[in-house]
Structure formats: C-alpha cells, structure tokens
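This report covers the main pocket, one helix and the overall fold. Please look over the sequence and structure first.

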Amino acid sequence: MRLQYGRDNNNFVKALLKEHPEITTVVQNVNPDGIPLTLSSRNIILYGKGYIEDTLCGMKFRISPDSFYQVNPVQCEKLYNTAMEFAGLTGNETVFDAYCGTGTIGLIASKNAKQTLGVELNKSAVKDAVSNAKANGAENIYFLCGDAGEIAEDMAKEGEKFDVAFLDPPRAGSSVKFLKSLIKLSPKKIVYISCNPETLARDLQTLTKAYKVKRIQGVDMFPHTVHCEAVALLTRA
C-alpha cells in the first residue's frame, strides 16, 4: 500500500487499530529511490514507540524495524534451547556470538557463561542488543558493531581464544574469511544455527578441516514449507 504523509497515515493507523487493537506500534519504511531492497534505512513512526518487545526463553527483547528476529517464537525457543543444550555451558566459558542480531542467543547463553561477546553488522540491531542486555541485567556480555569476518580475523591475530562459538548467519551462510578466522580462534565447541541446509553443508566443509561434526538437529521453524532450520555441534578434531 502506498501512503501519503499526514491524513492518509492517520486514517490508516486508526483503521488498523480498530481491527487489531493489540498492535503497539506502526512504522512506515520509506524507499524513495526505488532500490529493490526489503527495507531501506528510513523509518517513520506512525504510532507507538517505534519498536516492539517480546519475551523469549525467560528474557525480554526489544526489536526495532531494522533488526532481525525469528517470527515463530514457539519454535524459536526450541531452536535456541537446542543450541544451548549442544553448547553445554557450565558458567566458566567465554562465548563468541557471531551474527548476534539483537543479542538473543548471546544473552540466553550469558546466563550460563563467564563472559560473552556478540558481533553484529547492523547498527540498529546492536543498539537493541545493548538495550536488551541492560533490560535483562546481563553484565557479562558486550557487543561490537562490525563485520564478523573482519572482527574474528583481528581477534585471531591478537591471539584471543573462546571456549564456545555460536553462529547464526543469514541464508547465504558464512564467508570463508570468517570460518578460517573462527578456526584460528580455536573454540572447543562451535554451535552453528542455520536456516539454509545447503550453505550449512558448504560451510561445514571448511570447518571440518579442524573440527568434527558431533550432532545435527533439525527444527521446523516454518511448518508446511520446504524450509527447515538446523543446529550443528562441532568439536575440535
């Protein structure tokens, strides 16, 4: 629907809230250049705070329009609980959460970790992640905004190590640069959460040069579709 600013927006919001009073915020994303992107960087808040909040695995999360968040919360809890089960955190581990988004995986892991680092390229998502850490009282997690491959490469050069690494990349999977840098970081365990079995298989070919695949569990996040998420546990060979 194409909306004009002003009265049209107000009428649209009123009509929407009349049908769905449970809505807490409405944001219009504007793409004036006609570039074929899912979302542009310009958002106009038409109603509410401009973000929504959700509770997942006992933690509260703020989600802005530009931030990624799983759309199936029931199955998402199963997905993340599977990842935590595979990680087997005891409270003594240092954790690296790549492609961390709004900090969901890293924050859930931080409850049973010594220290957690989340890395995310999307500035809006990092802002939400920092806010989410404060809202949940998590003081053992911090976030860096930047390319996961470049940050992992820099940390590897500095000789940093992690006990457990989580990665939940987009459908395109991880870059070879990141995967090779991850191997140099030498975590004892890698928990790879994938929304694309094809790129998971491709990336495992790189990781299995130094790691062994111990377990893989599928999670049906999108019922009645061909898409399936998967969680893979790798340990050092």
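Four elements each supply at least two residues to the lining of the largest pocket: β5 (94-98), α3 (104-110), β6 (115-120) and α5 (148-157). The model is predicted. The pocket holds about 720 Å³ of space. Its lining counts 33 residues. Nearest the pocket centre lie Phe68, Tyr99, Asp168, Pro169 and Pro170. The classes of the lining residues are tabulated here.

| Class in the lining of the largest pocket | Residues |
|---|---|
| Nonpolar | 16 residues |
| Polar | 10 residues |
| Charged | 7 residues |

Next comes helix α2. This helix runs over residues 73-87. Does its length fit its residue count, or what span should be expected? At 1.5 Å a residue, the 15 residues of α2 should span 21 Å. The C-alpha atoms at its ends are 21 Å apart, so the model agrees with the expected span.

Which residues of α2 are buried? They are Gln75, Cys76, Leu79, Tyr80, Thr82, Ala83, Met84, Phe86 and Ala87. Several elements help to cover these buried residues. Among the strands that do so are β3 (52-56), β8 (164-167), β9 (189-194), β10 (211-219) and β11 (229-236). Helix α3 also takes part in the cover, and α3 supplies at least two residues of the pocket lining as well.

Asn81 also sits in α2. Is Asn81 buried, exposed or partly exposed? Its relative accessible area is 41%, so Asn81 counts as partly exposed: the class lies between the 20% limit for buried and the 50% limit for exposed. Asn81 is 10 residues from Val71 in sequence. In space, their C-alpha atoms are 16 Å apart. Just after α2, Gly88 takes a positive phi of about 60 degrees.

Now the whole chain. The protein has 7 helices and 11 strands. Along the principal axes, its C-alpha atoms fill a box of roughly 65 × 35 × 35 Å. What radius of gyration would a compact globule of 237 residues have? The value would be near 18 Å. The protein has 19 Å, so it agrees with the globule rule.

Burial and contacts complete the picture. Buried residues make up 46% of the 237 residues. Of the contacts with a separation of 6 or more, 62% join residues 24 or more positions apart.

Technical notes. Residues are numbered from 1 along each chain as its sequence is written. This is a predicted model: local features need pLDDT of at least 70, side-chain atom pairs count only at pLDDT 80 or more; totals for chains, interfaces and linings use all residues. Side-chain values use heavy atoms; hydrogens and water are left out. On a 1 Å grid over the protein atoms alone, a cavity is a set of points where a 1.4 Å probe fits but cannot get out, and a pocket is an open set with protein on both sides within 12 Å along at least five of seven lines; lining residues have an atom within 4 Å of a point. Grid points are joined across faces, edges and corners, and a volume is the space filled by probe spheres set on the points. Ala, Val, Leu, Ile, Met, Phe, Trp, Tyr, Cys and Pro count as nonpolar, Asp, Glu, Lys and Arg as charged, and the others, Gly among them, as polar. Buried means under 20% relative accessible area, exposed over 50%, partly exposed in between (1.4 Å probe, protein chains only). The expected span of a helix is 1.5 Å times one less than its number of residues. Contact means heavy atoms within 4.5 Å. The radius of gyration is taken over C-alpha atoms; the globule rule is 2.2 Å times the number of residues to the power 0.38.
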